[in-house]
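Good morning, and thank you for the opportunity to present. I shall go from the whole chain to a single helix and then to the contacts of its side chains.

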Amino acid sequence: MTDIDLASVRKMHRRAPKVLLGKTLVAQFHGEAAGEAAAKEFDRVFSKKEAPDTVPEHKSVSFAD
């Protein structure tokens, strides 16, 4: 799904290709700014262990009435 050169990817540190692929795919479908924003949010939440900007809320439903 990308035109990223595989030889250059193989020379990268093991985390860098994952970041590049994520940014590239998000940018293809949602624009360059969205790709950068997604990469920053991923780094903030998973590398820096900070809380996500948004957390979906789910309410449980009881059928035992």
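**The chain and its third helix**

The chain before you contains 3 helices and 0 strands. Please keep in mind throughout that this is a predicted model. In sequence order, the pattern reads α-α-α. The radius of gyration is 17 Å, well over the 11 Å that the globule rule gives for 65 residues, so the chain is more spread out than a compact globule. The C-alpha trace spans about 60 × 25 × 25 Å along its principal axes. As for burial, 9% of the 65 residues count as buried.

Let me now turn to helix H3. This helix covers residues 32-47, which makes 16 residues. From its first C-alpha to its last it reaches 22 Å, close to the 22 Å expected at 1.5 Å a residue. Which residues of H3 are buried? They are Gly35, Ala39, Arg44 and Val45. Helix H2, residues 16-30, is included in what covers them.

I should like to consider Arg44 in some detail. Arg44 lies in helix H3 and belongs to the buried residues of that helix. What does the side chain of Arg44 meet in a polar contact? One partner is the side chain of Glu41, at 3.1 Å. In addition, a polar atom of the Arg44 side chain lies 2.8 Å from the backbone oxygen of Ala51. If we set aside the neighbours within four places in sequence, Arg44 is in contact with Lys49, Glu50, Ala51, Pro52 and Asp53.

The pairing of Glu41 and Arg44 is also a salt bridge, with the closest N and O atoms 3.1 Å apart. These two residues are 3 residues apart in helix H3, and are therefore separated by about one helical turn. Glu41 counts as partly exposed, at 22% relative accessibility. Through salt bridges that share partners, Glu41, Arg44, Glu50 and Asp53 are joined into one network.

That brings me to the salt bridges in general. How many salt bridges does a search of the whole structure find? The search finds 6. Among them is the one between Arg15 and Asp43, whose closest N and O atoms are 3.4 Å apart. Arg15 lies in the loop between helix H1, residues 6-10, and H2, while Asp43 lies in helix H3, so this pair ties together parts that are 28 residues apart in sequence. Arg15 is partly exposed, with a relative accessible area of 35%. Asp43 is partly exposed too, its relative accessible area being 25%.

Another salt bridge brings together the side chains of Glu36 and Lys23, at 3.1 Å from N to O. Here Glu36 belongs to helix H3 and Lys23 to helix H2, so the pair ties together parts that are 13 residues apart in sequence. The relative accessible area of Glu36 is 33%, which makes Glu36 partly exposed. Lys23 is likewise partly exposed, at 26%.

We come next to the aromatic residues. A pair of aromatic rings is described by the distance of the centres and the angle of the planes. The count for this structure comes to 1 aromatic pair. The pair consists of Phe42 and Phe46, whose ring centres are 4.7 Å apart and whose planes stand at 35°, so the pair is tilted. Why are Phe42 and Phe46 separated by about one helical turn? The reason is that they are 4 residues apart in helix H3. Phe42 is partly exposed, with a relative accessible area of 45%, whereas Phe46 is exposed, with a relative accessible area of 54%.

My final point concerns what follows the helix. Most residues other than glycine have a negative phi. Lys49 has a positive phi of about 60°, although it is not a glycine. Lys49 lies in the segment after H3, and is exposed, with a relative accessible area of 69%. We have met Lys49 before, among the residues in contact with Arg44.

To close, I return to helix H3. Its Arg44 is buried and takes part in a network with Glu41, Glu50 and Asp53. Elsewhere on H3, Glu36 forms a salt bridge with Lys23 and Asp43 forms one with Arg15. Thank you for your attention.

Definitions and conventions
Residues are numbered from 1 along each chain as its sequence is written. This is a predicted model: local features need pLDDT of at least 70, side-chain atom pairs count only at pLDDT 80 or more; totals for chains, interfaces and linings use all residues. Side-chain values use heavy atoms; hydrogens and water are left out. The expected span of a helix is 1.5 Å times one less than its number of residues. Buried means under 20% relative accessible area, exposed over 50%, partly exposed in between (1.4 Å probe, protein chains only). Contact means heavy atoms within 4.5 Å. A polar contact is a pair of N or O atoms within 3.5 Å; within protein, one must be able to donate a hydrogen and the other to accept it, and residues adjacent in sequence count only if both atoms are side-chain atoms. A salt bridge is a side-chain nitrogen of Lys or Arg within 4 Å of a carboxyl oxygen of Asp or Glu. Rings of Phe, Tyr and Trp (its six-membered ring) pair if their centres lie within 6.5 Å; planes under 30 degrees apart count as stacked, over 60 as edge-to-face and the rest as tilted. The radius of gyration is taken over C-alpha atoms; the globule rule is 2.2 Å times the number of residues to the power 0.38.
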